[in-house]
Amino acid sequence: MVFFHQSTDSQDGTKYGRLHFRLKYDFDRSDLVVHVIEALDLGTLSTKGFNDPYVKVSLIPEVDSKQRRTDIRRNCSDPFFNEIFKFPVTYDELADKSLLFEVFDYDRYSRNDVTGEVRIQMCEVDITSEIEVWSEIQKSGKVSLDRPEILLSLSYLPSAGRLTLVVLKAAHLVSPETKDFPDAYVKVSLTSGDNKKIKKKKTTTKKGVSNPVWNEAIGFDVTEDDLKHCHLVVSVVNCHHGHSPLLGTCVLGHRGHGQGSVHWDAMVQTPRKAIAMWHQLYI
């Protein structure tokens, strides 16, 4: 194994921690394999203190639409991740790409700003054999403007058998360059375990905005037994000019993946408490 230390001087001379990871290329499967191991000394990244870090990994330009991110490490400035991600890309294409690690401090109630990053130009590293990298994290003040997302709150009241979804707001429904902002509403379907729609409800329409705010509660009567098998399909729809193109969808429940499953489990484990999380919207 080859050890590689990437050191770049911060513009303000301040150190923002280090990221430890491994890279290798799987020639049999034509995959770039990224092993995010750990980060150290993240405490100075955030002025409010670094609480719940996670790392998002991207290959730029993108090779697919899949989101790759570590789990959140709670109350930790020296998180150990030990997570592996794979990117389907030919070895020849790698030379024109960069690998981006973005360090986030997770916040349930506001958008997660990128607080630090590590960028590797793939043309500058030899991954024909596995390399192990320690890289200094660079401060980043930008917000990651990826695909559209929506902030939702979930709560369940067992005594009443009441499931409540609060549609709080959405962000970046369209590109910042566009001047044709959507007239957006949110459609919510309660779906049974066998994928049959039980009930459908929707919010009001917010006209001509890319970052609409609803703050609207939608309730469903669901028994504790049914809660184990059902899920919510949340879709943001644009009804501008009489059309209804789908702007994006997420699924909350046991059929959900990633954040949708995490959010649902958190609601089940803490009944009577409202829990809000951001969700990526996919088409």
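A residue is called buried here when its relative accessible area is under 20%, exposed when over 50%, and partly exposed in between, using a 1.4 Å probe and protein chains only. Strands (E, at least two residues) and helices (H or I, at least four) are DSSP runs, numbered from the N terminus. The model is predicted, so local features need pLDDT of at least 70 and side-chain atom pairs count only at pLDDT 80 or more, while totals for chains, interfaces and linings use all residues. Residues are numbered from 1 along each chain as its sequence is written, and side-chain values use heavy atoms, with hydrogens and water left out.

With those terms in hand, strand 13 is a good place to start. Strand 13 spans residues 197-202, and zero of its six residues are buried, so the strand lies largely in the open. Strand 13 belongs to an open sheet of four strands, in the order 13-12-15-16, with antiparallel pairing; two strands are taken to pair if DSSP finds at least two bridges between them. Strand 13 and strand 16 (246-253) are the edge strands of this sheet, each pairing on one side only. From one strand to the next, the twist averages 20 degrees. Such angles run from 0 to 180 degrees between N-to-C directions, and the axes are lines fitted to C-alpha atoms, for helices over the stretch in contact.

The bridges give a picture of how this sheet is put together. Strand 12 (residues 184-191) is joined to strand 13 by five bridges, the two running antiparallel, and Thr191 has Lys197 of strand 13 as its bridge partner. Over at the other edge, strand 15 (residues 231-238) and strand 16 also run antiparallel, joined by seven bridges. Here Val234 is matched with Cys250 in strand 16. Helix 3 packs on this sheet and touches strand 15 and strand 16, its direction making about 45 degrees with that of strand 16; contact means heavy atoms within 4.5 Å.

Another open sheet of four strands has the order 14-11-10-17, and its pairing is antiparallel. Strand 14 (213-221) and strand 17 (275-280) stand at the edges with a single partner strand each, so one side of each has no neighbour in the sheet. The twist in this sheet averages 25 degrees from one strand to the next. Seven bridges pair strand 14 with strand 11 (residues 162-171) in the antiparallel sense, and one of the matches is that of Lys169 with Val213 in strand 14. Helix 3 (residues 259-269) packs on this sheet as well, touching strand 10 (149-157), strand 11 and strand 17, and its direction makes about 170 degrees with that of strand 17.

Between strand 11 and strand 12 comes a loop that holds Val174. Val174 counts as buried, because its relative accessibility is 19%. Leaving aside residues up to four places away in sequence, Val174 touches Phe181, Pro182 and Ser210. Its C-alpha atom is 7.2 Å from that of Pro148, a residue 26 places away along the chain.

Earlier in the chain, His35 sits in strand 3 (residues 31-40). His35 is buried because its relative accessibility is 14%. Its side chain makes a polar contact of 2.8 Å with the side chain of Asn82. A polar contact is a pair of N or O atoms within 3.5 Å; within protein, one must be able to donate a hydrogen and the other to accept it, and residues adjacent in sequence count only if both atoms are side-chain atoms. Not counting residues up to four places away in sequence, His35 touches His20, Phe21, Arg22, Asn82, Glu83 and Ile84.

The structure also holds five aromatic pairs. Tyr25 and Phe27 form an edge-to-face pair, because their ring centres are 4.8 Å apart and their planes stand at 75 degrees. Rings of Phe, Tyr and Trp (its six-membered ring) pair if their centres lie within 6.5 Å, with planes under 30 degrees apart counted as stacked, over 60 as edge-to-face and the rest as tilted. Tyr25 is buried at 7% relative accessibility, whereas Phe27 is partly exposed at 46%. Phe27 also forms a tilted pair with Tyr91, at 5.2 Å centre to centre and 45 degrees between the planes. This pair links distant parts of the chain, 64 residues apart: Phe27 in the loop between strand 2 (18-26) and strand 3, and Tyr91 in helix 1 (residues 91-94).
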